[in-house]
Structures are given as C-alpha cells and as structure tokens.
Amino acid sequence: MPSVAEKSTSMEILASQFPVTLPIPTPTTNSNLLSIKDVQREEDLLRNPSSFRAWWTAIHTTKEAFNAQLKAERRANVPDDTAILLGPLTTPLARHSLQCLTYLYEAAIVQFPGSFKLWKSYLQMRMSYVLGRQVIKKRAGGRKKLPEMKDALEEEKEDLESWEDGLDGVMGWGEWRSLIATYERALMWLPKLPRLWLMYSSIFFHPMCPSPISHTHARRTFDRALRTLPPSLHARIWVRYLLWAETKGGSTTVSVYRRYLAVDPSVTEHYTSILLSPADSVPRPLEAAKLLLSLARKASRGEYVSPEGKSPYQLLGDFLDIVERFSDEVGFDVDATIASNEANAKAETEALRTDGHSTSMDGQLVRTDGPPAPVGAGGAHDEDEDPLSPRKLNIEQIVHKDGLEVYKDQAGRLWTGLATYWIKRGEFDRAISTFEAGIATVLTIRDFTQIFDAYAEFCESLINAMMESLESPEEDDDENTKETEQELDIKMKEFEALIDRRPFLVNDVLLRRNPNDVQEWEKRVALWGEDDEKVADTYTKALETINPRKATANLHRLYVNFAKFYEEGGSSGSAEPDLDSARKILEKATKINFKAVEDLADIWCEWSEMELRHENYDEAIRVMQRAAAIPKNTKINYHDHSLPVQARLFKSLKLWSFYVDLEESIGTVESTKAVYDKIMDLKIANAQVIVNYAAFLEENQYWEDSFKVYERGTEVFTFPISFEIWNIYLSKFVKRYGGSKLERARDLFEQALEKCPPQSCKPLFLMYGQLEEDYGLAKRAMSIYERATQVVADENKFEMYTIYIAKATANYGLPATRPIFERALEVLPDKQTAEMCLRFAALERKLGEIDRARAIYAHASQFCDPRVSPKFWQEWNSFEIETGSEDTFREMLRIKRSVQAQFNTEASYLAAQTLSAKQNGTSEQTSAAQPADPMAAAEQQARGPAFVAAKKTALPRADEDQASSAPDLPPQQADNADEIHISDEEES
C-alpha cells in the first residue's frame, strides 16, 4: 500500500501536466505539434489564409483523425484513480490531440475573429476535453416559444446539460482556467450573442467545476450577461441564473431571487417554497409568510394572478399553513398580540376623530391635509408585507382583517388555523378562547362542524397528554402530581360540558344564520326540556327577535305554544296554570301583522279553545265576537297584502267557521242564525257553509228558512258547484212536501234545469220525472224524459233512451215505444245504434212483426263489421233460421259479404283483429269454423270459398303456387260457419 508521501508525489506529477493549452501551443513552443504529414496542410493554409473553407476542412480532418486514434486507444495501463481524476485527458494522446486542435483553432481565429461558427466549434471542442462527454437527453414534444418563468424553470431544469468523466477541478485547475479565459476572449469579440453566454453558464453547473469559478465568478458572469444583452433576451439568462442560485442556496439564492422579483413577481410562490425548504441553509418562514400575505392581498384586489391558478383564498391558506408550521418564527406571542390589537384599535379611533381625515365612498380614509407621508409603489408602507423587515406578524389581526372579513364562507378553516397557531405556541388558553369565539360567530353548519371537531380533538389530546404524564410520574413530585390531577378533572368536566353543549351550539349557528326561523326557535325550546325559566326566556327572546314579515311558516304557533306553556303550568306541569299570562301573550299575538290572515285567525281560535278548555264559555264567545267584529268599510279585498291582517280578518272563513261551530255548540239558535247571516252578507260562504246552514235550520224545524238558504246558495254559485246544492235542495223539498206543493216543485226543477249544463242535468231530469210519476201526470213525465233525451250529453243519451223506453213501455205499452226507437236510431252514434237496433228488433219480434224486424236487422248491419261484432250476425243468423226462408237467408249472407267488403281496408282490418283478439270466444269461433270432416274440407277446397277477401284477388306468384301444391297444406277455413252451400244447378 503506497504511503501518503508517495500519493502526494504522484498527485504533483499529475498536476504538473496541466495546463496543456496555456500558453497557447505553437510549433515554436512545442515541436511535437506538427509531423511530416502536416506539412502539406500548413502550406495550403499559408497560401490561402483567408479561405474559411480551407481552415474548416483542415480542422475537421484533424479532429476526425484524432477521434479515430482515441477510439482505437485503450486505457489498459492507466490506473482507475488517475482516469477518474483526469477524465478525457488521461492519456498522452488525448492531451496531444487537445494541443494540436487548439493550435489549429487559434490560428483560424486569428484570421476570422468574428466567426460565431468557428468560436462555437472551438469552445465545444475545449469543453469536451475538460467537462467530459455530454449526455444527450431525449425530449418528447416541443417547447413553448415564450413560456412563463415558472414553466421555463421546470423545462430548463429538465434540459440542463450533464457530462460524464470530466476533468477534476483541483488537478486540472489550470485547464479549467484556460477554458474560462477562452470564453472571455470569445465574448470580447461576440458579446451580443446569447448562445455564447448560455454555453458559458453551462460550465457553472458542472459538478467538478472549481469553487472559484462556480461561485463568485459565476455570479459576476451572469450579472455581466444581463448588463450586456438587451432586455428582450434577459429571460433566457434569468432562467439559468435562478437555477444556479437554487443550487447554491443560502444568501445567494435569496439575493438573486429578490433581484428578479423586483422585475417579475410571478415566481414568488416558487420562491416561498424554496425559502421553506432550502437545499443547504436555514428556512426563512417569516419572509415566506410576508410574501404570501402580500400576494393574497394583491390577488384579492385584482392586482395579481397566480401562475399556478390559485385563488386569493388559497394563497391565504398557504400563508396559514406557514403560520401553523412555523408559529414561533412568524407571529407575535400573546402579550405582543394584545398590545398590537390595542394599538391598532386606538389608531383607528384617533384616525376617525382627526380633523385632517374624511371618509371616502368606499369606506377608506382619505388624507386631505397635513405633511406628506412616505408612500411606496403600492401605497403606504406596510411592514406586514415587507420581506426585508424583521418585525413579526400579528396573526390574529391578519386572520380577522384579511380572512374572516373577506372570506366569510370559509370561517371554519380560518378559525381553526388561528387556534392551531396558538396551540403550536403552547398558548392553550388563547387557543380555547379562539375556538369559543369561532363557534360563537360562524353562520354555517359546515364551519361549525370543522371548528367543533378541531376543538374536541384538541381537548382530547390535552387530556391524553395529562393522563400519560400521570402514568409515569417523576420521583419527589407529589405536589405537581396533585395539581395535574386537579387540572385533569377540570379539563374532563370542560370536555363533557362541551359535548353536552353541542346541540345548543348547533341551534345557535342556525339562529344566527336566520334569526327568523320559527322551527329552530321551537327546537331551542325543546332542548331546554323541563327548565321552565329557560323555556320562558327562550320564548320571550324569540318573540322579540323574529320579524313577522320575514319569519318562516307557523309563527303563530310560537305564540300559541307559549300561551299553552303558561296554561299547562310549565313544561313539566308542576306549576300552577297562569291563564292571565297566557291571555296577555295571545292578546299581544292578535296585534302582530302576520304574513297570512289565517295565522291571525288561528290565534283567535286557539284563544277561544283555551277558554273552552277551562269552561269559560261566555269568555270564549266574547273572544270570537271581538275577532269577528265587522268594520264599517266592508269593501276590503281579502287578498290585498298591502293592508295589515287585522284589517282583513273579518273576511276569514276559517274564523267564521269556528265561530259558527262554537255558536252551534253552546249558543242559541238565534245567535247561530245571526252568525250564519253575517257570513252570507259578507259573501265569503262556500257551498259547505250553505249546506251546513240549511241542515242546522232543518234540525231546528225551520224548513222554509232552510229552503231560502238553499235558494241563496243557488243564486250565489254557478254550475258545477250549484248542481250539488240543487241536488240536495230538490231532494229535501220533495221529501218534505211530496205532491202538496207540486207547482212550486216544478218551478224549482225548471229553474235548476234552465242553467244546468248537459253533463250534469241527467240526475235532475230523472228526479223531475220521478216526481211527475209519483205525484203528477204520466204525460208530463214522458215529456220530461223526451226533453232529457234531447238535452243530456251524448255519452248519456243511450242510457236516457233506455230509461225513456222502459217508462213508456210501463205506461203506454210496447207499441208506443216504436217512435222512441226510431228517434234513438237517428240520434245515437253508430256503435250504440246497433245495440238499439237489436232491442228494436226484439220488440218487433215480440209484436209478431217479422218483416219489420228483418228490415231493422238490415238497417243495423251497415254499422256492424262481421269481424268486430259477431254477436249481431249470430243473432240475425238465428233469427233467419227460426223465422226466415232460403231467400231471406241468402239475402242475409249477401248483405254480410257486402258489409265485410265495405269494412275490408287495411286500417279497419288491423283494428278488427285487435278487437277480436280481446274477445274471449275468438279461439272457439275459429275452431268451430273449420270443417271436421276431411272429405268436406276437400270439397270445399275444390269448390272455393263463398267470399274472397280483397287482398286475395291479386294473381298468385310462383312461390305461392308451389306452396299451394304442397301436400301438407291445411284446409282453408270457411268465412262463415253457418253458410248454406248451393250447387251450381240450383244457382242457375
């Protein structure tokens, strides 16, 4: 193993070989530069010194030759340590090739000092021998032409050059210095080219770059580049400059970023992240917090847009994260916070009282006189936004001013952040007061839940910490243990009280959000349970707080429940009932301008019911008399909301209905009639009130008065409402008088039928006809039924004619119904005409008029499709079999075929199939139509059907002929099962 002296000697030997390019090698100073093969090249260059092509060809030819030799050479005899230190210049051939190429480039630059192409090739060659082999990175996609600085930093960090096997900065210090000198000469000739500056700056990112070059010299080089290049090219330099500053860390990073932020504040957020997690220095949370606070305020004023897309609230949230993380380094303690709050409050008070200030439109103070004050670029100087100021921040004031006053919907996060700040500082009492203040001010359940959960978690963690300290007590520390136990008991009680208070706190939040929420006040009362004092205070506070015009539904129930609270002797019922207090509450409620008149009516009704429950019947009547007092001006619109509800109360049907029920129960007949008459006079009665009034009079034997009430109702209401009144009225009248007042009953029926619509008059006609049958003349009854068949609606005419025919048969016999049947056949629709024809034909058969019956069947056949109405044709078929002859039967079949042809269209056929499928006997009829005898089926097939449908008249196709000749063809069904087959001879 070599000794330390031997190692130092070998290091000196290696270091003595550098620099190989300083001074610049020439044939006079280095005889090995040129060989016999290079003589012709030198002569050509001497003959054409101004030919750039000659120089470029010579350089590249020499470079390619050396590259081939270097690839062929192996480092078998070179130690690994030496190869690591010397990198590309490990072998003598590499050093010789560097000298030769340097000689050629330097000679060419003498001829072309302003050629960027030549300088770039020269510098790249020198960098390849010093920095090592460059690693080419593959990049997917394109780059933005003018990206934002944030994006540019990310892209440039990915695209930074990297090298392998570079020259050690200590061993090759001379060679590194020679490379820097070469770049300085190139920039002397081409100072305005940004590409050269960027190539130059890439040296400072090399991991083996010597410290004198990569620190102070690099910073000065970046500064020179910014001073030399035009402002339009500064962005390309600043990207490298900021990345280099991040790698160095410490004060270098801070100073460079501060310089850039003065020009472009868009990377402030990125800078704050660097301040909080620097590479090799102490975090600077105070400066980061002030920068984020400044950005949040500017963003809220619209003066800043976050390149990361953050909202002003998100920036303030980042500020709170820093405050929670570095609470001791950023904010004031409790004493300083209290002093600062007092000073700020005093300053605001003095500013408002100062004569030299007035208030502007937006609420800001405007200076009108006095000495000039120093003003910065953004207004008055604020130390809270100055990152250079060492003064800490008043976190409470910032959270209240910039957070809670601006972002009221995010109060939960702001309050918990402020409380967390005090917890991190160990100020637990201040944290608890902060939690309590937050719970007492938030307006949403979400914010409350966030604060309460954090509050409960803090209390649990505090209790757990105390219990852990008690589990492992220190020796000789009995007094502290007792104090801890006492404090633990106190904290446990406070935590239990907090959990018990949660329903009340939730209710407080909802009431703060909407103090006019009646349901929440009811819940508040329910929370107090049987605590009568608290319940009474809650009711009183609710009634004082709620605005009746803005209250939610059922405000009157709050007054009613409050009155019942005193009436029932408190929530538990243990106290004495206090009716006087209940009456005072209800009296006060009657003066409240509720949203709806019905709410005020409910108050009066509840008051009267309370008096009834305590058997104060006279008082209950007096209460309703007060409520139903009719003013002088009764021409008030009940739905005019511009008037108070007290002025419209006398038109409340709900109030009058309760009043009249009360009078019916405990009043006299006369008083009840008076109340009903008032309702009628005010024109607020509905049909039910009319019926109830008449029924009340009937119960008390006031028959004519009840009929007058019905008549008033029929005058007030129109159909269809008056139909129900007429129906009851007429039935009551007929039941009461029967035939004793027949003319009056007839007048009533005529009045009812005069304005009755066709849809409703059928019951009245039937009642009218029954009256004439029972007490009048049969002839008048028949005329009434005749009128009914003409007046009633179309859907009721068939039933009306049926009744008319039945009545005529009973009174005049069967022959008298013929004209009725004839008129029915003229009026009824087709479907009902067929049914009526069947009844008419049955009548004629009973009378022995066979020909008339056959004519009626023939008339009805035009309305009956054989596929839809098989019942009609079966009945006619039976009729002909029983009473007809062969000619009449043939005539029936002819008519049937003609009718089927008439209905044989595609649409009617589909409809017929649909209706036939719904009938139960379809399958039975089909099976019955098929001949059971095979010989009969064969004869029928040979003879052909008696009637061919229209869709079968077309000529058959070839495939149909083949199908018809198939042996397994089923026999064709007959169109009519009752058809009589006649031979050809008989037809002729």
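**Notebook: cysteines, a cavity and some helices**

I began with cysteine 837, which is buried, with a relative accessible area of 1%. A reminder to myself before going on: this is a predicted model.

**Entry: cysteines**

Next I looked up cysteine 100, and at 7% relative accessibility it counts as buried too, because the cut-off for buried is under 20%. How many disulfides does a search of the whole structure find? The search comes back with zero. For the notebook: a disulfide is a covalent bond between the sulfur atoms of two cysteines.

**Entry: cavities**

I then turned to the empty space inside. Rolling a probe the size of a water molecule over the atoms shows where such space is left. I noted three cavities of 30 Å³ or more in the structure. The largest cavity has a volume of about 40 Å³. Which residues line the largest cavity? I wrote down Trp197, Leu198, Ser201, Phe204, Thr221, Phe222, Ala225, Ile237 and Arg240. Helix 9 (194-202), helix 10 (211-228) and helix 11 (234-248) are the elements that each give two or more residues to this lining. By character, I have the lining down as six nonpolar residues, two polar and one charged.

I stayed with one lining residue, serine 201. Serine 201 sits in helix 9, and at 4% relative accessibility it counts as buried. What lies 2.7 Å from a polar atom of the serine 201 side chain? I found the backbone oxygen of leucine 198 there, and Leu198 is itself on the lining list. A general point helps me picture this: an α-helix has 3.6 residues a turn, so residues three or four places apart point the same way.

**Entry: helix 11**

Since helix 11 gives residues to the cavity lining, I checked its length. Its 15 residues reach 21 Å from the first C-alpha to the last, close to the 21 Å expected at 1.5 Å a residue. Is helix 11 mostly covered or mostly open? I have it as mostly covered, with eleven of the 15 residues buried. The buried set includes Trp238, Tyr241 and Trp244. Ile237 and Arg240 belong to the buried set as well, and both appear in the cavity lining.

**Entry: helix 27 and what follows**

I gave helix 27 (residues 597-613) the length check too. At 1.5 Å a residue its 17 residues should span 24 Å, and the end C-alpha atoms are 24 Å apart, which agrees. I also counted 13 of the 17 residues as buried, so helix 27 is largely enclosed by the rest of the structure.

Glutamate 598 lies in this helix and is partly exposed, with a relative accessible area of 27%. I looked for where it sits relative to leucine 653: the two are 55 residues apart in sequence, and 8.9 Å apart in space, C-alpha to C-alpha.

Just after helix 27 comes glutamate 615, with a positive phi of about 60 degrees. Its place is the loop between helix 27 and helix 28 (617-627). Is glutamate 615 buried or exposed? Its relative accessible area is 57%, so I put it down as exposed.

**Entry: other backbone oddities**

Most residues other than glycine have a negative phi, and most peptide bonds are trans, so I kept a list of exceptions. Lysine 683 has a phi near 60 degrees, a positive value in a residue other than glycine. I placed lysine 683 in the loop between helix 31 (669-682) and helix 32 (687-699), and with a relative accessible area of 75% it is exposed.

Where is the cis peptide bond that I noted, with omega about 5 degrees? It joins phenylalanine 719 and proline 720. I traced proline 720 to the loop between helix 33 (703-716) and helix 34 (721-737).

**Entry: pairs apart in sequence**

In helix 38 (residues 794-812) I picked glutamate 795. Glutamate 795 is exposed, at 55% relative accessible area. It is 36 residues from glutamine 759 in sequence, with 8.8 Å between the C-alpha atoms.

My last stop was methionine 892 in helix 43 (residues 886-903). Is methionine 892 buried or exposed? I have it as buried, with a relative accessible area of 2%. Its C-alpha lies 7.9 Å from that of asparagine 877, which is 15 residues away along the chain.

Note on methods: Residues numbered from 1 in each chain as written. Predicted model: local features only at pLDDT ≥ 70, side-chain atom pairs only at ≥ 80, totals over all residues. Heavy atoms only, no water. Helix = DSSP H or I, 4+ residues; strand = E, 2+ residues; numbered from the N terminus. Expected span 1.5 Å × (residues − 1). Buried < 20%, exposed > 50% of the residue type's maximum accessible area, 1.4 Å probe, protein only. 1 Å grid on protein atoms, 1.4 Å probe; cavity = no way out; pocket = protein on both sides within 12 Å on 5 of 7 lines; lining within 4 Å. Points joined across faces, edges and corners; volume = space filled by probe spheres on them. Nonpolar A, V, L, I, M, F, W, Y, C, P; charged D, E, K, R; others polar. Disulfide = S-S within 2.5 Å. Polar contact = N/O pair within 3.5 Å; in protein donor to acceptor, adjacent residues only side chain to side chain.
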